[in-house]
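Here is a walk through one structure, from overall build to a single helix pair and then to a chain contact. Keep the model open while reading.

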Amino acid sequence: MRHAALLLMAALWAGPALAGDFTVTVRGSDGKPVPDAVVMVYPNGQPTKGPIKFPWAYRVAQQNIQFNPFMLVVPVGADVAFPNLDKVRHHVYSFSAGNKFEIKLYGHEENRTAKMSTVGVAAIGCNIHDQMVGFIRVVDTQYAAKTDANGVVTIQDVPAGAIKASVWHPYMRAMKNEKALTTASVGAGAAREQVTVDLRAPAGH
Amino acid sequence: MFKRLQTKLTVLYAGLFALALSVVAVTVYVAIASNAQRAVREELAASGTVFDRVWALRTQRLHDGAELLSRDFGFRAAVATHDRPTVESAVANLRQRLGLDLAFTVGVDGEVVGLDPARLNLEKLWSALDAEDGAQGVFAIDGKPYQLISAPILSPTLTGWIVFAARLDEPEMRGLEKLSAIGLDAQVFDERGGQWVSADAGPVDKPLAAFVGKAMQDKLRAPTLLRGGADSLVLVKPIKALDRASGAALVLRYPMAQALAPYKPLMAAVIIAGLLGAALVAAASWALSRGLAKPITALDVAARRLQGGEDVTVEVTTRDEIGRLAESFNLMASEIREREAEMIRQALHDGETGLPNRRALERAIQMRLAAIAPGEQVVIAAIGFDRFPQVRAAIGYELATELVAKLGQRIFEIAPGVLVARLTTSILCVVSASNSLDHVLGLVEDVLPSLEAPIEVGGELVDVHITQGLAASQGELDAARLIERALIALDQSRAAHRKFMAFDAAAYGDPSANLSLMSEMLEAVRKGELYLNHQPKLDLRTGAITGVEALARWNHPTRGFIRPDLFVGMAEETGHIRALTDYVLAQAIEDQARLRAAGHDVLMSVNISGRLVDDHAFAKHAIAQVTAAGARLCFEITETAVIGNPDVALSVLDLLAEAGIPVSIDDYGSGLSSLAYLKQIRADELKIDKAFVMSLEAGGKDALLVKSTVDLAHSLGMKVTAEGVETREGLAALQLMGCDLAQGYHVAKPMGLDKLVDFLGEWSIEMPVPKETRQDETRKSA
């Protein structure tokens with residue numbers, strides 16, 4: 001609730017400037033929608049100054065020997081909670097540069113947090129369960145979100161003007177798994193872009 | 001090809017067996033070879049499968065190791081955090097633990113830890129690792145093929161790969177070879193720059209490399225026979241290469257020689273057994289054919305000997321066809337011998353008497369001649385029955401033959417050592433056991449009485465009279481000539497009225513020369529070598545020469561004067577008398593004509609041979625000649641000539657009488673004088689043989705005979721001529737006896753025509769008894 005209020009306040013505080021929604025549809029080269037692709041928009045190519053707040057919880061639960069959500073977008077410096085909803089214990093880790101952490105064996109209903117201190121990626125795994133893979137995308141822009149099951153994501157209230165936008169997915173065949181979007185600016189209305197990405201199969205487990 | 005049956009059979013059987021054996025050996029070899037090949041193929045295929053399995057297990061083991069390591073949290077942490085020393089130590093640790101050749105990590109960013117990146121083609125490796133999750137396969141490191149196993153390092157995203165590498169060189173392959181039941185040769189080939197190269201060190205086997213390349217290209221997955229050098233079966237199994245671009249292959253090879261090695265003792269046994277068998281068969285067929293061929297050879301030899309006239313018998317040893325053949329052969333041989341003996345007996349014996357014949361005699365003589373020592377003689381005697389035709393006519397043919405046989409037997413009994421043969425119907429011949437003619441002559445003399453003792457035939461005693469002729473040879477005469485001489489001696493003996501004598505060569509002369517004389521005589525007639533001499537005949541009443549006797553003479557250019565009795569006798573014997581007589585007749589007619597021309601008319605007497613007296617053709621010819629010439633000839637014939645064929649002869653004499661040709665009976669009193677014939681012959685003259693006339697003057701019986709003959713002739717109306725008047729006393733006696741004519745040396749010798757003409761011209765004689773006196777005498781006697 002507190003987060004929602006904060007978000008609302010920030011929006012209001014941002015003032016009357018013109019803004020619009022930027023909707024991106026991500027599809028694989030096979031035409032299927034690609035979920036969990038993170039679209040990041042940098043108005044004027046600049047990271048967001050000041051605190052960034054997303055309306056979703058910064059939280060990756062372990063449920064059914066899976067990370068849930070598979071993909072989490074958090075602002076840099078956010079503390080991400082790792083609640084264990086399973087009855088087994090997990091040993092969550094990330095060797096990702098800048099966001100290295102290790103939460104050693106902990107049990108059911110236990111909650112641990114880890115701070116995402118560097119913009120980038122934290123690939124998280126469980127030392128006990130190899131099949132558990134999850135990603136935390138640490139961003140330094142307010143305008144970032146991940147696609148839903150239909151491969152669609154709408155970045156709301158992107159200030160009109162020039163933008164630098166890109167789409168990232170951990171399995172994308174591209175430099176740093178990231179691809180720039182073609183949309184160079186957004187107006188007051190809704191902007192749309194459809195992008196096709198080439199994914200590799202996840203590394204075998 | 002083979003002259004001997006035995007060789008032929010042996011070669012045939014041994015050859016057949018060897019052939020059959022060769023076929024068996026070849027079949028066995030082919031069967032073994034194909035069997036071995038099949039076994040090796042199966043083994044190779046099995047080995048291929050084993051290899052697959054081993055490869056999979058090994059891959060799995062390595063993979064497991066790699067996987068294990070890649071999941072190790074610490075290791076992942078070290079890799080993710082680029083903790084190079086830690087990673088290196090971890091990799092080395094695992095390499096030792098798993099006994100790996102190489103172990104290293106390759107980062108997603110291309111960083112290689114645990115191996116010098118220069119040793120391999122990193123780009124190629126990275127692409128291969130990236131292209132496939134858990135890529136594995138053959139990859140070249142340091143230019144040598146390695147089996148690479150990779151596993152991704154996830155932390156949790158892919159940060160790199162852990163790679164294990166195992167060498168595929170000889171030591172590794174030896175391990176694989178040991179797994180096979182058969183001694184395989186395993187090699188790994190990999191493709192480098194289009195060439196297939198063995199991972200093994202050592203000499204390059206180019207045909208094998210080429211074969212591997214071809215097998216890979218053609219996807220040949222079955223064991224295949226590679227020829228050339230030592231044949232071998234090769235199985236090429238492709239091995240997954242790490243990068244798809246290049247290839248690798250496991251090559252399993254098995255030399256056929258090795259595959260066949262276990263069968264070598266079997267093959268050797270087959271060959272040895274075969275050779276032994278062939279030797280046995282050769283020996284057995286040799287023995288069999290020997291058993292077969294031996295009697296045949298014996299028969300062959302015996303047949304040749306039989307052909308050569310030897311007395312042979314083949315020993316019969318078997319009861320088979322050959323045995324029967326040998327029996328038949330023996331039977332045949334003995335029959336041939338019997339027949340031959342019979343033929344020889346018949347050839348050498350006289351069928352009637354059973355005595356040896358002339359051929360046997362000749363053989364015996366020839367053998368004796370060959371056996372005698374120098375100076376010795378082979379003596380034979382021809383023993384002839386006297387008057388055999390008369391005896392045969394008296395006692396019959398059969399008994400006469402028996403008589404001959406019995407005489408032969410008798411001779412043999414008297415002189416057991418001799419050979420008695422029958423030469424002709426009535427002549428036997430004895431080959432004496434003695435070697436001396438003189439000795440034999442003595443023996444013959446001694447045994448003559450016992451030989452001539454009467455012989456009993458047909459229950460009656462028959463007198464035996466024989467004459468013998470002996471001949472001897474020291475080898476200068478062959479058997480035939482010796483027998484001929486004995487026969488001549490027999491004739492000579494008979495002619496001489498002796499019981500026996502040896503061959504008289506001097507008396508025999510040279511008959512063959514006489515024969516040639518006859519042809520020369522005909523020639524002589526043409527050449528004028530023959531001529532007539534004439535002997536005047538004195539008329540005892542008038543003292544005038546009233547006639548002549550023409551006598552043929554031959555002056556031979558080389559032999560001189562030939563005795564008339566020789567050539568006339570020969571002419572009679574050889575049938576040339578007609579030609580001679582024709583000549584004499586013609587010449588006499590001619591001579592008479594010349595005498596007439598000279599003024600002398602004399603009666604010319606011509607001797608006509610007894611052979612021509614009964615020849616009508618001659619008589620007609622002679623009559624025609626005489627008549628044509630108007631000649632005055634008298635034909636002198638002997639009384640004996642008429643006796644041979646009296647009817648014809650008498651009719652011929654009648655013809656002559658009718659033609660007015662006077663006939664004179666010559667040599668009266670010397671031969672067989674038959675008063676019966678004398679009565680029948682129409683003769684004008686009787687010539688008393690000189691044997692009576694020559695001893696006339698001695699008085700006694702001859703004078704009485706001549707006187708009575710003169711009277712007899714006169715009584716029969718014939719004139720009488722006395723031959724052989726050689727003395728005046730004889731002439732006187734004849735004159736007194738009333739003889740009409742006289743002929744002889746006292747009157748004149750025979751002479752040529754010219755001399756005769758002179759003689760007649762000069763003739764005068766003082767007769768011993770004056771005409772008156774004689775007339776008185778005549779008157780007195782009358």
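The paragraphs below start with chain B and end with the contact between chains.

This is a predicted model: local features need pLDDT of at least 70, side-chain atom pairs count only at pLDDT 80 or more, and totals for chains, interfaces and linings use all residues. Residues are numbered from 1 along each chain as its sequence is written, while chains are lettered from A and ligands numbered from 1 in the order in which they are written.

Chain B has 28 helices and 26 strands. These are DSSP runs (helices H or I, at least four residues; strands E, at least two), numbered from the N terminus. Of its 782 residues, 35% count as buried, with 20 or more other C-beta atoms within 10 Å of their own, C-beta atoms being placed from the backbone.

Now take one helix pair. Helices α2 (residues 73-80) and α3 (residues 84-98) of chain B pack at about 140 degrees, their axes 8 Å apart. Axes are lines fitted to C-alpha atoms over the stretch in contact, and angles run from 0 to 180 degrees between N-to-C directions. That angle makes α2(B) oblique to α3(B), a class for angles from 35 up to 65 or over 115 up to 145 degrees. Phe75(B), Ala78(B) and Val79(B) of α2(B) meet Thr86(B), Val87(B) and Ala90(B) of α3(B). Contact here means C-beta atoms within 7 Å.

Last comes the chain contact. It takes eleven residues from chain A and 14 residues from chain B. On the chain A side, the largest share, three residues, comes from strand β10 (residues 120-126) of chain A.

Note on methods
Buried ≥ 20, exposed ≤ 12 C-beta atoms within 10 Å, placed from the backbone. Contact = placed C-beta atoms within 7 Å.
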